[in-house]
Amino acid sequence: MTATTDSSTAALDTGDAATYDLTPLISPYLDLHMMFPLLEYIDSLISAGTISYSSLDVAQARLELLKPTHMVDYAMDIYREVHGVDASIPQEMEDQKAGVFQELEELREGQMKFDELCRSEETRASLVNNNQWNVKSLTSMATYEITPETIAAYYKFAKFNFDCGDYQQGRDMLENYISLHASPPKQRKDGEGDDEDEYGAGSKSNVEEEKTGNANMYYLTSIDVPLLQVLWGKLSCEILVEDWEEASIALNAVKTAIESLATSHKITALEALHQRTWLLHWSLFVFWNDASGKGLESMVELFTSEKYLQAVTTHAPHLLRYLTAAVLLCKRRAAKKAGSNSNAEGRRLLRDLVKVMQQCEYSDPIVEFVDKLSVKFDFEAAQSQLARCETVLSSDFFLCKQTELFMEEARIFVFENYCRIHHKIDLTTLGEKLAMDRDRAERWIVDLIRNALLDAKIDSEEGCVVMGTGSTSVYEQVMEKTKELTARSGGLVVNLRGYQNDIRREKVRKERQAKEAMEAEY
């Protein structure tokens, strides 16, 4: 896609959304199918006249994305959109369509036996209860005529359905495939096993039967690179059917699998870093659509964890936009949860964010807004960046639904910082800082005071806001200073043990050298 601008300064003057569009940076880390919702949103921005892309360029980009998929009919519709309604469809696309139907029949035939078994609930339940619902057992029984090739064809058919755009069917098939490698806990009937428990006797075989897989990974008993790809497919399906609760579970499963493979050295450190970078980008769909209200807090926790922070700073500094927005949006929510230690918790989130900002070579109005306000205390520059933030938010696929809430939280953030260095604030001046007129600023502050979000009072005669003392309690001070004491103590213990081990090794080395020297003399 190419942006068409009339002058080099037009984007800055008008706040053109194309200036801040992250689609080209994000797209290399997304599945092709995930790009279609993003392009649809860009189309809506073009229609609204808020972004200077060409709709023809977007259609051409969509057509290129469709080529590797099996959505041939959709590709033909886009081809006519690009080249005209009366344009003849290229023979290449007709051949691809015929090939898709042929492959469909071959895969459907190859996986039919296992598909029929999956649909037979009674038979499947019996196999599960007898611990026979796994690849080894099913392929060893002649009754069902299932071979390893049958199961492989089933997995290929699941991926085929996904490439055809049938994400629901692909998800259901992947669930069946994953269940073959999983060992979930058995659901005991009432009273079952009571006799054994009464006398404390349980056979070894029962213990083995009750061995379960990793609960964070769909109860998979083990993980390898091919199964990791299956989990990626499951996550992709959940995102594309917009089942955000299940997508959150799938996201955690992929995260657990990556760390397990990295720990067991089944993938290299560099491969793990690449996998984490992809996961961060896919997680944007999950976290920014989480209706429970915990999504953004989970996002901040993930993005600021050591291994994933490394991925942000080295491979994807543009993700700093989403981390910054998430911190501003969940800062006060996290503060409320912390109770009396609320101020310290809010400061901690911002302090950690500023550290990340210093490590990333990336900037946009959202990031600059926090930098000007929290680091440089330049309120005029922060106000200028805040005006641009609305353009960035409304044109961003992930942030657009949070525009109004972000602007409200940003104004509160400005006000909090302004109040930290002023005891008495003129309402007219404050309105200018918040991009409001005097009366609106006064009503806004009254609402904050009424909702117990601000320790202040309004002096109507002087037309100003008088701030409360806001002193930090002793409890807050103690908690802030001792919060990381356990981690520091643990670090000191580890360092001390390492030092002691080094001393022992050096002592053994010297003794060995002395012994070898004595033996050499004799």
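Which residues are buried in α14? To find out in this predicted model, select helix α14, residues 225-240, whose 16 residues reach 23 Å from the first C-alpha to the last, close to the 22 Å expected at 1.5 Å a residue. The buried residues of α14 are L227, L228, V230, L231, W232, K234, L235, S236, C237, E238, I239 and L240, so that the helix is mostly covered, with 12 of its 16 residues buried.

Keep those side chains displayed and add the helices around them: the buried residues of α14 pack against α3, α10 (148-163), α11 (167-179), α15 (244-263) and α16 (269-287).

Now turn to the ends of the helix. At the N-terminal end of α14, select D224, which caps the helix through a side-chain oxygen lying 2.9 Å from the backbone nitrogen of L227. Beyond the other end, α14 is followed by E242, a residue in the loop between α14 and α15. Most residues other than glycine have a negative phi. E242, although it is not a glycine, has a positive phi of about 60°, and its side of the loop can be inspected from outside, because E242 is exposed, with a relative accessible area of 57%.

A second positive phi is worth selecting next. N131 lies in the loop between α8 (121-129) and α9 (135-140), and its phi is near 55°, again in a residue other than glycine. N131 is partly exposed, with a relative accessible area of 32%.

Move on to H318, which is found in the loop between α18 (306-315) and α19. Although it sits in a loop, H318 is buried, with a relative accessible area of 5%, under the 20% cut-off. Select its contacts as well: leaving aside neighbours within four places in sequence, H318 touches L22, L25, I26, H281 and Y362.

The last stop is empty space. A search of the whole structure finds 1 cavity of 30 Å³ or more, and about 120 Å³ of space lies in the largest cavity. To centre the view there, select D21, T23, S395, D396 and F397, which are the closest to the cavity centre of the 17 residues that line it. Then colour α2 (23-26), α3 (32-48) and α19 (320-337), the elements that give two or more residues to this lining; the largest share, 4 residues, comes from α3, a helix already met as one of those against which the buried residues of α14 pack. Coloured by class, the lining shows 12 nonpolar, 2 polar and 3 charged residues.

Key
Residues are numbered from 1 along each chain as its sequence is written. This is a predicted model: local features need pLDDT of at least 70, side-chain atom pairs count only at pLDDT 80 or more; totals for chains, interfaces and linings use all residues. Side-chain values use heavy atoms; hydrogens and water are left out. On a 1 Å grid over the protein atoms alone, a cavity is a set of points where a 1.4 Å probe fits but cannot get out, and a pocket is an open set with protein on both sides within 12 Å along at least five of seven lines; lining residues have an atom within 4 Å of a point. Grid points are joined across faces, edges and corners, and a volume is the space filled by probe spheres set on the points. Ala, Val, Leu, Ile, Met, Phe, Trp, Tyr, Cys and Pro count as nonpolar, Asp, Glu, Lys and Arg as charged, and the others, Gly among them, as polar. The expected span of a helix is 1.5 Å times one less than its number of residues. Buried means under 20% relative accessible area, exposed over 50%, partly exposed in between (1.4 Å probe, protein chains only). Contact means heavy atoms within 4.5 Å. A polar contact is a pair of N or O atoms within 3.5 Å; within protein, one must be able to donate a hydrogen and the other to accept it, and residues adjacent in sequence count only if both atoms are side-chain atoms.
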